[in-house]
Amino acid sequence: MRVDIVTIFPEFFAGPLEASLLGKARQRGLVDVRLHDLRDHTDDPHRSVDDEPYGGGVGMVMKPEPWFAAVEAIDGWEAAQRILLTPAGRRLAQDDARFLADEAHLILMCGRYEGIDERVAEQLATDEISVGDYVLAGGEAAALIVVEAVTRLIVGVVKEPESVEQESFGPDGLLDFPQYTRPSEFRGLPVPDVLLSGNHAEIAAWRRRQALERTKRRRPDLLGPDLEP
Ligand code: JAH
């Protein structure tokens, strides 16, 4: 998969793209991530990417011209999924990550300031995505979240594919059950007996109950409308 990231802070990505899963996937040639500095696509001496909002108001708005120039300079841009990261977008879920993992080419567009001229969202982006209901200083951290969520789903990146299927937001849509490892007692805190029993049917039933209980408490929205009066 090819991923192009357009940003005024390409240096933001250096560390995270080298480390861990993303670093390994890139080394193995499973993802090809390329960074583009939006300011390289300005034509004034100040390399301006923002201007005052029409209609007035606080802050600055990103100008459309550098965005169109930057994206249209990426080879194959027309066939790519072109995603604008914005708190005003549709919220990214695991199903979206699975869809994007099947795409050959993503272009991630990271805004800053109070926002981007709406013509960029309407005419250049194919999608507007939020990664959660909070405001960041810009789309860069959100773009990294998209890259990591998608990369780990690409065949061959994760060694044990069952860890991708069984995790939270997997097919059954529940939060993960609690996990334990050695020691069986730590600071007086025991591991639940059932997990040491060797009874695999009981263990599976316990895990299912725990996942359901946890989902009810923490994320009732994942269980759909409550049918009890
Ligand atoms: C903030 C441009 N959903 C996370 C998210 C994504 C993008 C932004 N904030 C939050 C953002 C300022 C300017 C984008």
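Trainee: In this predicted model, where does P183 lie, and what joins R182 and P183?

Mentor: P183 lies in the loop between α7, residues 162-165, and β8, residues 185-186. The bond that joins R182 and P183 is a cis peptide bond, with an omega of about 5°.

Trainee: What is the phi of S20, and which helix holds that residue?

Mentor: The phi of S20 is near 55°, which is a positive value in a residue other than glycine, and S20 lies in helix α2, made of residues 20-27.

Trainee: Why is α2 called a helix?

Mentor: A helix must be a DSSP run of at least four residues, and α2 is given as residues 20-27, so the name fits.

Trainee: Which residues around the ligand are the closest, and what makes a residue count as near a molecule?

Mentor: A residue is near if one of its heavy atoms lies within 4 Å of the molecule. The ligand is surrounded by 15 residues, and the closest are P87, S130, V131, G132 and L136. Strand β5, residues 81-91, gives the largest share of this shell, namely three residues, and by class the shell has eight nonpolar, six polar and one charged residues.

Trainee: Why is the pair between the ligand and S130 called a polar contact?

Mentor: The cut-off for a pair of N or O atoms is 3.5 Å, and a nitrogen atom of the ligand is 2.9 Å from an N or O atom in the side chain of S130, so the pair qualifies. Two further distances involve the backbone: a nitrogen atom of the ligand is 3.0 Å from a polar backbone atom of V131, and a nitrogen atom of the ligand is 3.1 Å from a polar backbone atom of G132. The ligand taken alone exposes 360 Å², and the protein buries 94% of that.

Trainee: Where does the ligand sit, and what makes us say that a molecule sits in a pocket?

Mentor: The ligand sits in the largest pocket, and the test for this is that more than half of the atoms of the molecule lie within 2 Å of the grid points.

Trainee: What is the volume of the largest pocket, and how many residues line it?

Mentor: The largest pocket has a volume of about 460 Å³ and is lined by 26 residues, of which L85, T86, P87, E114 and G115 lie nearest its centre. The largest share of the lining, five residues, comes from β5, while β5, α5 (118-123) and β7 (127-130) each supply at least two residues. By class, the lining of the largest pocket divides into 14 nonpolar, seven polar and five charged residues.

Terms used: Residues numbered from 1 in each chain as written. Predicted model: local features only at pLDDT ≥ 70, side-chain atom pairs only at ≥ 80, totals over all residues. Heavy atoms only, no water. Polar contact = N/O pair within 3.5 Å; in protein donor to acceptor, adjacent residues only side chain to side chain. Areas by Shrake-Rupley, 256 points an atom, 1.4 Å probe, with all protein chains shown as cover. 1 Å grid on protein atoms, 1.4 Å probe; cavity = no way out; pocket = protein on both sides within 12 Å on 5 of 7 lines; lining within 4 Å. Nonpolar A, V, L, I, M, F, W, Y, C, P; charged D, E, K, R; others polar. Points joined across faces, edges and corners; volume = space filled by probe spheres on them.
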